[in-house]
Amino acid sequence: MALKSEYRSELIKSFKNVKVLSNIDIENEDKVIKIIDQLAETLFECQYDNRNCPGYEAYLNYKIKQELEKERTAALAMKFKVIGTFH
């Protein structure tokens with residue numbers, strides 16, 4: 001929890017620093033800060049070893065696709081080795 005609030009405060013500080021350095025005037029600064037707050041809440045809420053995270057399923061699909069690609073490559077290599085021995 002402390003880590004999440006630290007990241008949130010760092011994002012808000014960064015936004016304010018960019019605003020000052022760029023000389024940008026934002027009318028709805030409170031809304032932007034609320035959006036940054038929600039962004040920090042979303043980014044640092046999930047843990048990928050926890051199955052309740054919505055990104056966990058996408059991560060698992062990615063890992064499965066990687067494994068299938070490795071198996072496919074190995075199977076093709078084996079096929080070409082076997083075909084090559086008969087010629």
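This briefing walks through the helices, the buried residues, the salt bridges and a surface patch of the chain above. Please keep in mind that the model is a predicted one. The chain has 3 helices and 0 strands, and its pattern along the sequence reads α-α-α. Of its 87 residues, 10% count as buried.

**Overall picture**

- The accessible surface of the chain comes to about 7,800 Å², and carbon and sulfur atoms hold 57% of that area.
- Among contacts with a separation of 6 or more, 37% are between residues 24 or more positions apart.
- Helix 1 covers residues 2-22 and helix 2 covers residues 29-43, while helix 3 takes in residues 54-85.

**Helix 2 and its two faces**

- Helix 2 has 15 residues, so at 1.5 Å a residue it should span 21 Å; the C-alpha atoms at its ends are indeed 21 Å apart, in agreement with that figure.
- The buried residues of helix 2 are Glu29, Ile33, Ile36 and Ala40.
- Looking down the axis of helix 2, you will find these buried residues within an arc of 60°, which means that they line one face of the helix.
- Turned away from that buried side is a face with the exposed residues Lys31, Lys34, Ile35, Gln38 and Thr42.

**Phe15, a buried residue in helix 1**

- Phe15 sits in helix 1.
- With a relative accessible area of 16%, Phe15 counts as buried, because the cut-off for that label is under 20%.
- Setting aside neighbours within four places in sequence, Phe15 is in contact with Ile26, Glu29, Val32, Ile33 and Ile36.
- Three of these partners, Glu29, Ile33 and Ile36, also appear among the buried residues of helix 2.
- For Phe15 and Ile33, the C-alpha to C-alpha distance is 8.2 Å, with their positions 18 residues apart in sequence.

**Salt bridges**

- The count of salt bridges comes to 4, and three of them are described here, beginning with the pair Glu29 and Lys19.
- The side chains of Glu29 and Lys19 meet at 2.7 Å, N to O.
- This pair links distant parts of the chain, with Glu29 in helix 2 and Lys19 in helix 1, 10 residues apart.
- Glu29 takes part in this salt bridge and is also one of the buried residues of helix 2.
- In helix 3, Lys70 forms a salt bridge with Glu67, where the closest N and O atoms are 3.8 Å apart.
- Lys70 and Glu67 are 3 residues apart in helix 3, so about one helical turn separates them.
- Lys70 is exposed at 56% relative accessibility, whereas Glu67 is partly exposed at 41%.
- Arg72 and Glu69 are joined by a salt bridge between their side chains, at 3.7 Å from N to O.
- Arg72 and Glu69 are likewise 3 residues apart in helix 3, so they too are separated by about one helical turn.
- Glu69 is partly exposed, with a relative accessibility of 42%.

**A nonpolar patch on the surface**

- Tyr59, Leu60, Tyr62, Ile64 and Leu68 form a nonpolar surface patch, and together they have about 480 Å² of accessible area.
- Tyr59, one of the patch residues, lies in helix 3.
- Tyr59 has a relative accessible area of 38% and counts as partly exposed, because this value falls between the 20% and 50% cut-offs.

How values were computed
Residues are numbered from 1 along each chain as its sequence is written. This is a predicted model: local features need pLDDT of at least 70, side-chain atom pairs count only at pLDDT 80 or more; totals for chains, interfaces and linings use all residues. Side-chain values use heavy atoms; hydrogens and water are left out. Patches are made of residues with over 30% relative accessible area and no salt bridge: like charges are joined within 9 Å, nonpolar side chains (Val, Leu, Ile, Met, Phe, Trp, Tyr) within 5 Å. Accessible areas come from the Shrake-Rupley method with a 1.4 Å probe; for residues, only the protein chains shown count as cover. Helices (H or I, at least four residues) and strands (E, at least two) are DSSP runs, numbered from the N terminus. Buried means under 20% relative accessible area, exposed over 50%, partly exposed in between (1.4 Å probe, protein chains only). Contact means heavy atoms within 4.5 Å. The expected span of a helix is 1.5 Å times one less than its number of residues. The arc is that of the directions from the helix axis to the C-beta atoms.
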